[in-house]
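Please examine the following structure with its sequence at hand. The paragraphs below lead through selected loops, helices, cores, strands and the contact between the chains.

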Amino acid sequence: MKKQRKFLVGAVAVLGVVGYLMVTGMRDSMVYYLTPSELVAKTTADPSFREMGVKVGGRVAAGTVSYDQRTLDLRFDVVDIADGGKTRFPVHYQGPLPDTFEEERDVVVEGRFTEGGVFEATTVLTKCGSRYEAVEEDFLK
Amino acid sequence: MTQIGEVALWIALLLAGWGAIAAFVGGRVGRGDLVLSAEKAVYGVWAMLTVTSLAIIASFLGNEYRYKYVAGYSNRDLAFFYKVTGLWAGQTGSLVFWALLLALFASIVVWQNRSRNREFMPYVVGTLLVVLAFFLTVVVSVSNPFEQLAFIPADGRGLNPQLQNYWMTIHPPALYLGFTAFTVPFAFAVSALLSGRLDTRWITTTRRWTLLAWFFLTCGIIFGMMWAYVELGWGGYWFWDPVENASLLPWLTGTAFLHSVMIQEKRGMLKIWNILLILSTFLLSIFATFLTRSGLIESVHSFAQNLEIAYIFLGFLSALTLVSAALVWWRRDRLRAENQLESYLSREAAFLANNLLFVAAMFAVLWGTLFPLISEGATGQKIAVGPPFFNKVNIPIGLVLLALLGIGPIIAWRKATPRNLKRNFTLPVAMAVLVGAALWVSGVRHVYALLTFALGAFTMTTIVVEFWKGTRARAHIEGEGVGRAFVHLIERNRRRYGGYIVHAGLVICFMGFAGKAYNVEAEAALSPGESMTVRSPFGHTFRLTYEDMSWYNATNMTKLITSVRVEQDGRPAGMMTAEKRAYKQRDEVASEVGIRRAWNEDLYLILAGIDDANGVVEGTNPRPVATFRVLVNPLVPWIWMGGFIMAVGTLIALWPAAQGAEVARVPARQARPVAAKPQMVEA
């Protein structure tokens, strides 16, 4: 059995390297899922939280969308779905308008909350409509 | 007609329940009549599920919208083809479909083994029927395709436009065929544990099933990538999305299993490992089905939250895991290795490293996929890990595997001598250095891309040399011409050379993946007549001119189509179109990309936005500003080509071997293989 020990060392070394890659990989790519009010609460409590990647699920506020077709510059306010629209902040995104984007739609924005209180989004995903499952309520409308 | 379907579903469940009990009891007390009755029940379940499936399809074709399932996935305008494939368009139907495929495979197993492997069959049949009974219980209790709405809607909701794609209709069946086919080796493994017959019989008898499962799973994964590439419209084919990851998990352990069984066959090692690998491959297949169908984790194509199903699946999964673990523990004395590892420089060590890396990759992918759940459970905070995590872990693992792909098949068993190493590896290493240097000189500085191509050249050379050596030896010994010898070589040793072809395909795929390092992207808002240019990494300049916008009303959608003229290096290179489609039934918009394929790169055109879509349809603004995103995706065609080659290689390996081609065992104390086959000559 003694002879087998040197192979165990090799196996442990391989797993160690993979483990190391996993730990560092986690640090680089962790993204928090938050609601707008959670994000505001967290950044108020700890300003360094601004450095973390976050995904915020909220709703596009009515009457706030402005989009420049030429420069692909999108601005809108996102509101918290749960707290009745009390928490809101502006979002800025540079890129083509997502297909089903419109006012009052639920969206997930990924990016960083800047010092100026503007959320700089790297991606904007529209949430509704991408559900593949039929919902019975749809028929009852 | 459809009522018959529901009745058949209940009969199938009863038959599966009866058969499972009869098989296990019959096997335990030695009552052959009970076992035979269970085997008949397998055929019965298959027949009944065929009736059920036909009834579901009939209800789609008959527009019977009183059924919730039909109303949710079809409408009157839907094409005939998508009505037929409606069987697996949604959760409830796909669970029936899963069970149908498993019942089909189970019937084939029963038929194949009607007069052999009889000592295995009671528990094999029992295990297969337990799995079937589980799926059917889920179907009748919480996910019934014949559930009726309280009223009859005039029309259905229609099928999600993104699922109305050719690849998407064959992608789920291919995956399910893979998942369900893995149930067969799993059932044999369980039976081997229960009956105590733990030699290599359960492995050799299910080898083709494992290959078949692997074939379908590989095809399914590639079809899914093709669908994502043409339909999702962001220019990528893999996003490390939970549902994609779910299908990759059993593929990783299944691939490890395909390799590690060779070590058991040849050297009597890794017995526990093999059992554990096939058990986990099956468990991961169930897990993948469950993850896709429960929407437990947010995913771009998750099928809505359905927690009831989640708990049922989780319970079944836990029970299976516990029973499997207990069985392995119970039989641990019979699973001892007959030989030990002797050197790092041996084929055994290369295979072990391959296995370790496949399993490590599986754990990393599983961890990353489940992390949102783990973090939410542990801290109450939902945290996800993105693609950088998966890439950071899996790219290095993939590169080492790429090297092992070249080393494993040609390094000597037990202990390689320096002579063996020099003889086998001088040329491949030289080729790797040459290719690496050539790419460096031509300006490639991306480390992973350089490594992929250098290691790819290394592995490809070993494969070519293997084919060349075998052909030459055969031509010499049998006095055949080179072409004939080459064909015979593969024909007489399908498992080995089929495997090499799979390896070659995978190398090509890897190179295709590496192309991503050189993706080019450009974006512009253009008025008609304006153009934009992109420069591809192969040095071509593409100039795209937005010519015109047109639109038309189809039955279920309004299409807005832009036509774009392409010039390559100043020469006309045809037209491309990119569309926006507004679906009437579901109030959804989807983009339809344009792809211009060459052997080495794709020009990928996305219509990102139209300034005034209403103006086009109303005629007030027929040619508005349009925003385009243009990508050059180098080497993406190689991924599809590599995938095709892998499929062909697997089919060759799958094909029934010529007689007498069974592998020879390496004797315990003798370094050289005794087999006189020319292609086996080493050192």
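In chain B of this predicted model, B:Trp240 is found in the loop that links α9 (201–232) to α10 (242–267). The backbone of B:Trp240 adopts a positive phi of about 55°, although the residue is not a glycine. Most residues other than glycine have a negative phi. How buried or exposed is B:Trp240? B:Trp240 has 19 C-beta neighbours inside 10 Å, and it therefore counts as partly exposed, given that 20 or more would be required for a buried residue.

A second residue of chain B invites a parallel reading. B:Asn63 is likewise not a glycine and has a positive phi of about 50°. Its place is the loop between α2 and α3 (68–73) of chain B. With 16 other C-beta atoms within 10 Å, B:Asn63 is partly exposed.

The helix α2 of chain B, residues 32–61, also takes part in a helix contact. Its axis and that of helix α6 (residues 121–142) of chain B come within 10 Å and cross at roughly 35°. The crossing of α2(B) past α6(B) is left-handed. On the α2(B) side the contact includes B:Val35, B:Ala38, B:Glu39, B:Ala41, B:Val42 and B:Val45. These meet residues of α6(B), among them B:Met121, B:Pro122, B:Val125 and B:Gly126, as well as B:Leu128, B:Leu129 and B:Leu132. Taken by class, the residues of the contact of α2(B) with α6(B) are eleven nonpolar, one polar and one charged.

Several of these residues return in the description of the nonpolar cores. The largest nonpolar core comprises 192 residues, and those with the most contacts inside it are B:Ala16, B:Val45, B:Ala99, B:Leu129 and B:Leu132. The element that gives the most to this core is α9(B), with 17 residues. Which residues does B:Leu132 touch, not counting residues up to four places away in sequence? They are B:Ala16, B:Val45, B:Ala99, B:Leu102, B:Ala103 and B:Ala106. Another core, of 22 residues, lies apart from the largest one, and B:Leu560, B:Leu607, B:Ala608 and B:Val630 are among its members.

Chain B also contains a sheet. Its five strands form an open arrangement in the order β3-β4-β5-β6-β7, with antiparallel pairing. The edges are occupied by β3 (531–535) and β7 (588–592) of chain B; each has a single partner strand, so one side of each is left without a neighbour in the sheet. On average, neighbouring strands of this sheet are turned by 25° against each other, direction ignored. At one edge, β3(B) is joined by five bridges to strand β4 (residues 541–553) of chain B, and the two run antiparallel. Within this pairing, B:Val534 has B:Phe542 in β4(B) as its bridge partner. In a regular strand the side chains alternate between the two faces of the sheet.

Chain A has three helices and seven strands. Along the sequence these elements follow the pattern α-β-α-β-β-β-β-β-β-α. Of the 141 residues in chain A, 20% are buried. Among the contacts in chain A with a separation of 6 or more, 41% are between residues 24 or more positions apart.

Both senses of strand pairing occur around β5(A). Strand β4 (residues 73–79) of chain A is antiparallel to strand β5 (residues 88–94) of chain A, and seven bridges join them. In this pair, A:Asp73 stands opposite A:Gln94 in β5(A). By contrast, β5(A) pairs in the parallel sense with strand β7 (residues 119–126) of chain A over three bridges. There, A:Tyr93 has A:Ala121 in β7(A) as its bridge partner.

The final topic is the contact between the two chains. It draws 35 residues from chain A and 46 residues from chain B. On the side of chain A that touches chain B, the elements giving two or more residues are α1 (2–29), β1 (30–34) and α3 (137–140) of chain A. The largest share of that side, 15 residues, is supplied by α1(A). By class, the residues on the side of chain A that touches chain B are 18 nonpolar, nine polar and eight charged. Strand pairing also joins the chains: β1(A) and strand β1 (residues 383–385) of chain B are antiparallel over three bridges. Here A:Met30 stands opposite B:Val385 in β1(B).

Methods:
Residues are numbered from 1 along each chain as its sequence is written. Chains are lettered from A and ligands numbered from 1 in the order in which they are written. This is a predicted model: local features need pLDDT of at least 70, side-chain atom pairs count only at pLDDT 80 or more; totals for chains, interfaces and linings use all residues. Two residues are in contact if their C-beta atoms, placed from the backbone, lie within 7 Å. Helices (H or I, at least four residues) and strands (E, at least two) are DSSP runs, numbered from the N terminus. Ala, Val, Leu, Ile, Met, Phe, Trp, Tyr, Cys and Pro count as nonpolar, Asp, Glu, Lys and Arg as charged, and the others, Gly among them, as polar. Two strands pair if DSSP finds at least two bridges between them. Axes are lines fitted to C-alpha atoms, for helices over the stretch in contact, and angles run from 0 to 180 degrees between N-to-C directions. A crossing is left-handed if the near helix is turned anticlockwise from the far one by less than a right angle, and right-handed if clockwise. A residue is buried if 20 or more other C-beta atoms lie within 10 Å of its own, exposed if 12 or fewer, and partly exposed in between; C-beta atoms are placed from the backbone. A nonpolar core is a set of buried Ala, Val, Leu, Ile, Met, Phe, Trp, Tyr and Cys residues joined through C-beta atoms within 7 Å.
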